[in-house]
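Let's take a walk through this structure together, one region at a time. Keep the sequence and the 3D view at hand as you read.

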Amino acid sequence: VQLQASGGGLVQAGGSLRLSCAASGNIFFIAAMGWYRQAPGKQRELVATIISDNTTNCADSVKGRFTISRDNAKNTVYLQMNSLKSEDTAVYYCNANHFHPSPEASGEFWGQGTQVTVSS
């Protein structure tokens, strides 16, 4: 499974961005998809996740500002980010938990990361 993220960029504080992440390859069933981020000098942290029934979970720091959604037909996850703050600046990574009848094709997969920079 390959994950291709897009949509990052430079935005002013208070602005919005929408990230997309499309999964491709030998896909059987993606149980969950999500977004994580890593700021310089900090550990990677969870931003939001969504499972196959569209149940979502968001970090407290982004609740009310970020919305995660998923298009199961396209194997794509989105992250709509509104009211961006300078502390949202980070590299954002998409993640997928994939199940396949072949154990070798199952597991957790990561995208390449997309930079989000919020200027104050």
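A good place to begin is Asp88, which is buried, with a relative accessible area of 1%. Bear in mind as you look around that the model is predicted. What does the side chain of Asp88 meet in a salt bridge? The partner is Arg37, with an N to O distance of 2.9 Å. This pair links distant parts of the chain: Asp88 sits in the loop between strand 8 and strand 9 (90-99), while Arg37 belongs to strand 4, and the two residues are 51 apart.

Now stay with Arg37 for a moment. Arg37 is buried too, at 7% relative accessible area. Since the cut-off for buried is under 20%, both Asp88 at 1% and Arg37 at 7% fall into that class. Arg37 also forms a salt bridge with Glu45, where the closest N and O atoms are 2.6 Å apart. Glu45, however, is partly exposed, with a relative accessible area of 36%.

The model has four salt bridges in total. One of them joins the side chains of Asp60 and Lys63, at 3.3 Å from N to O. Asp60 counts as exposed, with 66% relative accessibility. Salt bridges with shared partners also tie Arg37, Glu45, Arg65 and Asp88 into one network.

From the charged residues, let's turn to the strands. Strands of a sheet pair through backbone hydrogen bonds, in either a parallel or an antiparallel way. Strand 4 (residues 29-38) is a handy starting point. Strand 4 pairs with strand 5 (residues 45-51) in the antiparallel sense, over six bridges. If you would like a marker for this pairing, find Gly34, whose bridge partner in strand 5 is Thr49. The two strands form a hairpin with six residues between them, and in the turn Gly41 has a positive phi of about 75°.

Follow the chain onward and another hairpin appears, this time made by strand 5 and strand 6. Strand 6 (residues 56-58) runs antiparallel to strand 5, and three bridges join them. Here Ile50 stands opposite Thr56 in strand 6. Four residues lie between the strands of this hairpin, and Asn54 takes a positive phi near 70°.

Is Ala48, a residue of strand 5, buried or exposed? Ala48 counts as buried, because its relative accessibility is 0% and the cut-off for buried is under 20%. Its contacts beyond four places in sequence are Gly34, Trp35, Asn57, Cys58, Ile68 and Leu79. You can also look across to Ser69, which is 21 residues from Ala48 along the chain, with 9.6 Å between the C-alpha atoms.

Next comes an open sheet of four strands, in the order 1-3-8-7 and with antiparallel pairing. Its edge strands are strand 1 (2-6) and strand 7 (66-71), each of which pairs on one side only. From one strand to the next, the twist averages 15°. Strand 7 and strand 8 (residues 76-81) pair in the antiparallel sense over six bridges. To place this pairing in your viewer, look for Asp71, which stands opposite Thr76 in strand 8.

Now move to the surface. Which residues form a nonpolar patch there? They are Phe28, Phe29 and Phe99, with about 340 Å² of accessible area together. Phe29 lies in strand 4, the strand that also holds Arg37. Phe29 is partly exposed, with a relative accessible area of 39%, whereas Arg37 is buried at 7%. Patch members need over 30% relative accessible area, so Phe29 at 39% meets that cut-off.

The last stop is Ser119, in strand 11 (residues 114-119). Ser119 is partly exposed, with a relative accessible area of 28%. Leaving out residues up to four places away in sequence, Ser119 touches Leu10, Val11, Gln12 and Ala13. Gly14 is 105 residues from Ser119 along the chain, yet their C-alpha atoms are separated by 9.4 Å.

Definitions and conventions: Residues numbered from 1 in each chain as written. Predicted model: local features only at pLDDT ≥ 70, side-chain atom pairs only at ≥ 80, totals over all residues. Heavy atoms only, no water. Patch = residues over 30% accessible without salt bridge, like charges linked within 9 Å, V, L, I, M, F, W, Y side chains within 5 Å. Areas by Shrake-Rupley, 256 points an atom, 1.4 Å probe, with all protein chains shown as cover. Buried < 20%, exposed > 50% of the residue type's maximum accessible area, 1.4 Å probe, protein only. Pairing = 2+ DSSP bridges. Axes fitted to C-alpha atoms, helices over the stretch in contact; angles between N-to-C directions. Contact = heavy atoms within 4.5 Å.
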